[in-house]
Amino acid sequence: ANIKDSFKNSEQLALIKTPTMKLEDGTFGLNTNCRFFTDDIPYGVLIARWVGQELGVKTPFIDEIIEWAQEIRGEGYLKDGK
């Protein structure tokens with residue numbers, strides 16, 4: 001098995017729901033209280049960014065994710081890119 005197959009066939013990963021919710025008007029919107037925002041950003045993505053900083057590796061795409069998430073959740077992980 002390769003890593004792609006392990007992700008594709010993982011029973012544990014299948015339990016993780018997408019960060020969406022049905023709105024009152026019947027459409028779907030972003031659920032900013034799901035684990036992607038409450039766990040994965042602060043305990044995964046921010047740590048990955050820190051590791052990159054410690055190794056001198058720039059993380060522009062990670063920075064974009066963090067800035068996007070903090071904006072829509074009203075949180076302050078980064079200030080002026082730091």
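A salt bridge here is a side-chain nitrogen of Lys or Arg within 4 Å of a carboxyl oxygen of Asp or Glu. By that yardstick, this predicted model holds 3 salt bridges. Here they are, with their N to O distances.

| Arg partner | Acidic partner | N to O distance |
|---|---|---|
| Arginine 35 | Aspartate 40 | 2.9 Å |
| Arginine 49 | Aspartate 63 | 2.5 Å |
| Arginine 73 | Glutamate 75 | 2.4 Å |

As a bit of background, side chains of opposite charge can pair when their charged atoms come close.

Let's start with arginine 49 and aspartate 63, whose side chains meet in a salt bridge. This pair links distant parts of the chain, with arginine 49 sitting in helix α3 and aspartate 63 in helix α4 (residues 60-73), 14 residues apart. Are these two partners buried or exposed? Both arginine 49 and aspartate 63 are buried.

The other two pairs have partners with some accessibility. Arginine 35 counts as partly exposed at 37% relative accessibility, and its partner aspartate 40 is partly exposed too, at 26%. In the remaining pair, arginine 73 is partly exposed with a relative accessible area of 26%, while glutamate 75 comes in at 28% and is also partly exposed.

Now for α4 itself. This helix has 14 residues and reaches 20 Å from its first C-alpha to its last, close to the 20 Å expected at 1.5 Å a residue. Which of its residues are buried? They are Asp63, Ile66, Ala69 and Gln70. These four cover an arc of only 135° around the axis, so they end up on the same side of α4. The general rule behind such patterns is that an α-helix has 3.6 residues a turn, so residues three or four places apart point the same way. Part of what covers the buried residues of α4 is α3. Flip to the face turned away from that buried side and you meet the exposed residues Phe61, Glu64 and Glu71. Right after α4 comes glycine 74, with a positive phi near 70°.

Back in α3 (residues 35-55), tyrosine 43 is worth a look. Tyrosine 43 is exposed, because its relative accessible area is 63% and the cut-off for exposed is over 50%. Tyr43 also belongs to a nonpolar surface patch of about 660 Å², made together with Ile47, Trp50, Val51, Leu55 and Val57.

Definitions and conventions:
Residues numbered from 1 in each chain as written. Predicted model: local features only at pLDDT ≥ 70, side-chain atom pairs only at ≥ 80, totals over all residues. Heavy atoms only, no water. Patch = residues over 30% accessible without salt bridge, like charges linked within 9 Å, V, L, I, M, F, W, Y side chains within 5 Å. Areas by Shrake-Rupley, 256 points an atom, 1.4 Å probe, with all protein chains shown as cover. Helix = DSSP H or I, 4+ residues; strand = E, 2+ residues; numbered from the N terminus. Buried < 20%, exposed > 50% of the residue type's maximum accessible area, 1.4 Å probe, protein only. Expected span 1.5 Å × (residues − 1). Arc of directions from axis to C-beta. Contact = heavy atoms within 4.5 Å.
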